[in-house]
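Here are two short exercises, each with a worked solution. Have a look at the model first, then work along.

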Amino acid sequence: MRSARSLLSLTAFGVVAVLGLMACKSEPSGPANANATRPLAATPTPSSSPLSSTIPGDANFSDLPNNPTIQQIQHDFDVFSWQSFVALNWPLDQSQTIGSAPDGDNPTVWGTYVESYQVFLPQGQTPSWSSRTVPPICQPDGGAANLPVLRMTMKVSDQVLNFSQQAFGTGPLIDQRGEYARYSINLNQDAFNYILTNKLYNKEGQANFANVSFPIAASPSPSPTASPSVSTVGSIVLKSAWRILDATRGDVLSRYHKIDAYVYTPPSNNPPTQPSCERKTLGLVGLHIAHKTASAPQWVWSTFEQVDNVQVGQNAPAGLKPSFFNPDCKTCPINKPPPKPWNPNVKTTPSQVTRVIPIDDATKQLNSQWQGFLSGVNQNSVWQFYELVSTQWPTAPAPSPTPSPYDPHPTGAPAPQFLANTTIETYIQGKVPNTSSSCIMCHNNAATTAGKFSDFSYLLQSAQSSKPKEQKK
Amino acid sequence: MPEQKTYDVLIVGAGISGALMAYTLAKAGKSVLVLDGGPEIPDDRSPYMEQFYLSMAKTPEAPYPVMADDPSPLTLDINSWTTEGSGYLIQKGPLPFSSTYERVAGGTTWHWLGTSLRLLPSDFALYTNYLSKATPPMGDKAMDWPITYNELEPFYCEAEQEIGIAADTANENYLGIAFSPDYQYPMPQIPQSYVDQHITSGIGQMEFDSEPVTVYPTPQARNSIPYDDRRVCAGNTNCIPICPIQAKYDATVHVAKAQNLGVDVWYQTIATSVSVDTGTGLVNGVNYLQYQDPSGAQTGSGTATAKIYILAAHAIETAKILLNSPLGDTGKTVANNSDQVGRNLMDHPVQLNYALAQDQVYPYRGPLATSGVESLRDGPFRTQRAAFRMEMGNEGWNWATGDPYTTVNALITPGANPISGPNNTVNGGLFGLQLKTQINAILTRQFRFGCLVEQMPQQTNRVTLSNQFKDHLGLPRPEITYDLDDYTKAGLAAASQAARQIFQKMKAVEFTYVPPAPPPYTTSPNNLSVFTYQDKQYLLQGAGHVMGTFRMGNDPGTSVVDPTLRSHDHQNLYLLGSGVFPSVGTANPTLTIAALTLLAAEAVLKNL
Amino acid sequence: MSTDPNFNNFVGLSSILTGYPQDQLAPQIDPIGLASEYLTWMEQNADQAAFLKTLGTFQNILQQVASQLPPFDPNNPTPQQAALMNQLVAAQILSDPAMGHIARRMIRLWYLSTWYTTEPPDPNGDGQVVSMNAYTMGLAWDAAQAHPMGYSELHFGYWAVAPPGNDVSPNAFPDVTVSAAPAPGQADKPTPRVGLQRGGI
């Protein structure tokens, strides 16, 4: 059971006023009064719009009353999610405001963060923050070396699919034209530096390392003048989902944050897959932001979707169809992966996706509010077409890394209990404990290549060995 | 269902042997069709877990769909086994066959424990090494395997890599098992549990029946590092009936890999019989029925053809298919010139002994079993009684008594006696901290041995087809005649003795309870399966191992398949699984099933 | 917090009956809401007259304690007050046929996540698991310093060391002396197999 940190108060029944029996016990301010206290961040009061390029180091609980409800705390985390979404998607030129360019789009701060496959290199080589190697097959013409290379073709239910050449998992997401959705994982500087400094980028470095513990922010909020490349916000890992956009086939590009990128399919034996690479315009359809904070040793897990994924957003252009749902197909099986083999080079059956757990009303209201702020900057802003699904956070934060003797509840009683992004956990949405999608519950199983708990990060298990390959028997 | 397509190989059954065979053949570029009677593998295991959570009796079958059209035995059938027809298996006795299996794609590996032991070198020649030297001699040469441990050993290594076994060779070389110096299991050994450590130190230096009593960590098909895109074990202590996070290997891994290589799988397709061209003796088709609703009517039928046919439906269902396949009008059935199909049905009968340790040992944690006493699996005593291995359980008295439910309910109920025994002074009717304290005092000290005993093959232990009882699709249900011989019973008695002696050395207090039964056997008022040996009663449990029903051998007169698992009678028919075991040793069968599958795959590929 | 007026008394009584603190059974910030779920279950499945009488009697007991040992904060009783609460619950609720029945059903819900067809359960253990969350939060496993089979939040290798202690551990060997297995014919009632075994190796 969860640690004793909040007391139930027996409200008065009957007339026992003299003794004040069963009066509500007064609580110190803040939602917690044990173990990990949530800091009351001294963030400057926003003026009319809360849009800011400052990535918050933690949620701001200063608006909470004594004895806050779970909904009130949830709200603060949801605001934190929006603040993070905005700041991470801020333009590289910090003097610009997000979405203010004429086309409403902009390259993003987090787009400059190192991608996970650049950290866990073949032969366990030492990574660097700024290295960008593009597979030769992508550059027959010596093409742009600085474009992102999206090489991941599925989010596996059990774990992140890294550069394992084996395709296994609950399945890929397929758009209405039969194309595979693509994924990318990016790490901020705090997370990257931790891996670099502790040599966790190869198996040998991980072999004897115990107590992986990614850093949190050095201070609750970074200096507003800090350069974006010097992170003091704590460890952030993002996972993004993208689909190929084609204006000639009815896609409305102005509703998406777009990148020009290489879509790379690595070679594989299972299924047999030839390597391929094509340069494409891709639209962001899903974004996970995982952020380790002082109030959340189990990390805070925010997830956003483009509004047209499973049903079209409000006020959408007439005739627009969802990206991953065909309203005209009454017999398409719902939330079912395509038949195998799963070869990203071959178009296949589109996924017919629905959202199993609806976005709740409070979140929808908050989304409207922030979408209003974003469109207020520029009515063409692409960023108004994104919505927060929810934020998962530990209600009973447990100390992490696990001390000895171990904490019997290292997941810290997450709220909400289940959370899924329809583009990233498509086939494991539901409410079955331990198997249906829950960020913290699943990431709690994350381990290093040596089998040790890896602080909720599946990144470390894709490390390769720096030793020369032995001849296979 | 796919249209007409010619396949190189047709496989019946998508369990571990069918899936591993399909994958191996597809890697070699062959076209393969697999028929499986169960429904499509769910996209994630949530529906199975949900059914598990909400089941009152968390038996090995609890998570899996119950299907009238694709029925399988249920553990709870044992409670009414003397009422013929009450369960899927028609039990003629004298003892019930109490092991079960799954008929869903992925097979019984959905609910197996994951224990991946090899058979010992001596296990391959039980008759020559031991039974022939008994006084008087027992058994016959047909009980020996037609291959040696050394011949199977390279396939054991390959199977261990393919499945993903966690072990350290340095701790697994005993009783003739040896590894080449550069061989490594694919994953490091699973840590032994606190219970294991306590038992090991309690045993200290000890002998039983002139053999040392030594605990070994168990090689397990369970991830100790991230492997094959699966997570590490989180100690859900639920291997049987289902691992929530697939840290434990199950054959859906190889079904998926096979499908990614183009293998076709037809679900809800029940193979009913095999057709043979009586002129050539070659199999020319497998007949099947199909259904849509798992308890609905038949919706389709047909005959699937290929160049080579492989039955991999496990020991009872494969035997049933063959016995249901007349061989022209010879009066015989397919592949059964030896009359051995269905005979020599064997389990590993299990002796469960349970006790309370003096100190707290903290069960209900970790995988269900991480170690065992393996040193008693071989020795000169095998001329007189069956060998056994002693699995050390990490789940307290869960299997033995249904705890924590049984003890906790009894602690709550006034007047109940939570621990059966004439002198116990723990009474029910507790609440609050007193209740919590007693729960803790009892549960944290529970541990058990589950001893798997080698059952000697007997011609009269067999599967036949019921004349009377059919399943929902009109197919005959398996009729089982089953008993234990004295050699096996003596092994069970010895196992019980060994457990008792260990308990005594540990100063643990034994609580093994056996319901009374009138001699010679059968049932207490609760219909549990009790047998008597030398005036003592023992409760019979099954290990979930179903073996022996189409044994391998060199002699077509006394065996069904040859050393490559090919039918002696039909050159394009292979039979996979533990049904081919001529004797069963004391190793859990799955690793051997996988190794034999890889051995047979080489033969199949040569014949294509 | 629940808006059900029975909630506080239900949780307070549950705490006494289970030996677990209120803030574990019903944390103030509660993403699962198990206490509400069990209360609703009792309101829909138990004898209502007996259930309400039980809660009312508990309320009464609080007042008795308050008058005997003032000042009394039911959220924070002194050891003396706690002992008196236990004593009165035993005497006035658990010993009463109808209310004792209710109380024991509550204990089985919290510890075993199960609503049995009869109270006490029959030897076959007929009943139903209340819900998936109820199963994963059953107290019996926690009391044993373990976790429900099928639901572990722990990390690889945890089973090699002893778990952290709880408020009732370490403790003495249970009060039993058993010298031998029961002789045949002696056990007229076989060990009840409530909740049945899993079988198989």
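Before starting, one definition: a salt bridge is a side-chain nitrogen of Lys or Arg within 4 Å of a carboxyl oxygen of Asp or Glu. Also keep in mind that this is a predicted model.

**Exercise 1.** Describe the interface between chain B and chain C, from its area down to its salt bridge.

*Solution.*

1. Start with the area: about 7500 Å² is buried between chain B and chain C, and carbon and sulfur atoms account for 63% of it. On the chain B side, the residues losing the most area to chain C are M56(B), F431(B) and K436(B), which together make up 11% of what that side buries.
2. Next, count residues: chain B puts 102 into the contact and chain C puts in 83.
3. Now go polar. There are 22 residue pairs in polar contact between the two chains, with both partners at pLDDT 80 or more. The salt bridge count is just one: K436(B) pairs with D167(C), at 2.8 Å from N to O.
4. Finally, see what chain B brings. Its helix α10 (residues 432-443) gives the most to this side, eleven residues. By class, the side holds 52 nonpolar, 42 polar and eight charged residues.

**Exercise 2.** Work out how helix α1 (residues 7-18) and helix α3 (residues 34-45) of chain C are arranged.

*Solution.*

1. Take the axes: they come within 10 Å and cross at roughly 105 degrees.
2. Angles of 65 to 115 degrees count as roughly perpendicular, so α1(C) is roughly perpendicular to α3(C).
3. List the contact: F7(C), F10(C) and V11(C) from α1(C) meet A35(C), S36(C), Y38(C), L39(C) and M42(C) from α3(C).
4. Sort those residues by class: seven are nonpolar, one is polar and none is charged.

Conventions: Residues numbered from 1 in each chain as written. Chains lettered and ligands numbered in written order. Predicted model: local features only at pLDDT ≥ 70, side-chain atom pairs only at ≥ 80, totals over all residues. Heavy atoms only, no water. Buried area = accessible area lost by both parts, 1.4 Å probe. Polar contact = N/O pair within 3.5 Å; in protein donor to acceptor, adjacent residues only side chain to side chain. Helix = DSSP H or I, 4+ residues; strand = E, 2+ residues; numbered from the N terminus. Nonpolar A, V, L, I, M, F, W, Y, C, P; charged D, E, K, R; others polar. Axes fitted to C-alpha atoms, helices over the stretch in contact; angles between N-to-C directions. Parallel < 35°, antiparallel > 145°, perpendicular 65-115°, else oblique. Contact = heavy atoms within 4.5 Å.
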